[in-house]
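Let us walk through this structure together, one sheet at a time, and finish with a closer look at a single side chain. Have the view ready to rotate as you read.

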Amino acid sequence: MIKPYGLLMNFRQVEAFRAVMVTGSASRAADLLNVTQPAISRSILELEKATGFQLFDRVRGRLVPTAEGHLFFRDVETTFQGLDRLKASAARIRDFGTGDIRVASLAAMGSTLVPHALRLFRARHPAIAITLQVTASATVRELLMSSRFDVGLAADEIDVAGLEHQLFATPQAMCALPAGHRLAERAVITPQDLAGESFIALSPEDTVRRKLEKVFLENGVRPRIVAETPNSSTVCALAMEGLGVGLVNPYSVDGYASRGVTFRPFSAAVHFRTLLLFRPDLPKSRIVRDLAACLIEARNARADRLVG
């Protein structure tokens, strides 16, 4: 009987044991590992001393696995499968920086531009897992500051202290009108056109809302606010139901024109400003840079066909 308390177990010994189990002989195991057959035999003996039990019976010069050897091999295989996963993970990190990408976006782009960018990204990196969360800009900031997400798109009213950021898009606000609205006959909507109109406003903290209030004040205009919402897409939905007119981000209007909403340019220079954000704790990996490039490509393609 082999006594315990022998040599310490090491990877070379376990690798030799696995090679014998997989190939069926010490000679083929030696060929597989590119070592000599005596080296394989020596590693097996050392491993048996380290484990304290016999892994193989020696039958006419052949190594025949014992019951204990078969049991041990099951755990060895599980370990090697884990090592294979680690190797694959290391390869992804080497080539791409990580095996997944997590994106958070404000609603105006999260259901239109970002999915298009992710389609472009997926075509280039089919093995990378993607997480997309569409949420309020303040939450986008929190997700990146906590390092739970890698890339974010948010409105410019957020505090960007501690975040790497760049200006991503500045589309001019458009006017969303219910079907058959009298202003739909106009090519361009002016602030004066909205005097006394039922108006769907963005939330008071929104920078576009504050800019628009300044425009109204300068033009002596006071629309009649009938609803408030933080999202341009909700403004479109409310306009579709006939509640009133509102200013929206052009990136959020997909699908509403075919459902009866009319869109017209707004004459005043009121712009939605969206920031591209990156988590602050790590340099940008290759896949983060590639995703940013896909977002910019999608933005540029979209700019050519915004409703006007």
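A good place to begin in this predicted model is the open sheet whose five strands run in the order β4-β3-β5-β12-β6, with mixed pairing. Its edges are formed by β4 (129–134) and β6 (164–169); each of these has a single partner strand, so one side of each is left without a neighbour in the sheet. If you look from strand to strand, neighbours here are turned by 20 degrees against each other on average, direction ignored.

Within this sheet, follow β3 (residues 100–105) to β5 (residues 151–155): the two pair in the parallel sense, over three bridges. To find the register, start from Ser105, whose bridge partner in β5 is Leu153.

Now bring in the helices. Helix α6 (residues 113–124) packs on the sheet and touches β3, β4, β5 and β6, with its direction making about 175 degrees with that of β4. Helix α7 (residues 137–145) also packs on the sheet; its contacts are with β3, β4, β5 and β12 (274–278), and its direction makes about 150 degrees with that of β5.

Next, move on to another open sheet of five strands, ordered β9-β8-β10-β7-β11, where the pairing is again mixed. Here β9 (224–229) and β11 (262–265) stand at the edges, and because each has a single partner strand, one side of each is left without a neighbour in the sheet. The average turn between neighbouring strands of this sheet is 30 degrees, direction ignored.

Inside it, β8 (residues 198–202) and β10 (residues 245–248) pair in the parallel sense over two bridges. Phe199 is a handy marker, with Val245 as its bridge partner in β10. Lying across β8, β9 and β10 is helix α8 (residues 207–218), which runs at about 140 degrees to β8.

Let us stay with helix α8 for a moment and pick out Arg209, which belongs to it. Is this arginine buried or exposed? Its relative accessibility is 10%, and since anything under 20% is classed as buried, Arg209 counts as buried. What does its side chain join in a polar contact? The partner is the side chain of Glu213, at 2.8 Å. Leaving aside residues up to four places away in sequence, Arg209 touches Ala201, Leu202, Ser203, Pro204, Ile225 and Glu228. Among these, Ala201 and Leu202 fall within the residues of β8, while Ile225 and Glu228 fall within those of β9.

Methods:
Residues numbered from 1 in each chain as written. Predicted model: local features only at pLDDT ≥ 70, side-chain atom pairs only at ≥ 80, totals over all residues. Heavy atoms only, no water. Pairing = 2+ DSSP bridges. Helix = DSSP H or I, 4+ residues; strand = E, 2+ residues; numbered from the N terminus. Axes fitted to C-alpha atoms, helices over the stretch in contact; angles between N-to-C directions. Contact = heavy atoms within 4.5 Å. Buried < 20%, exposed > 50% of the residue type's maximum accessible area, 1.4 Å probe, protein only. Polar contact = N/O pair within 3.5 Å; in protein donor to acceptor, adjacent residues only side chain to side chain.
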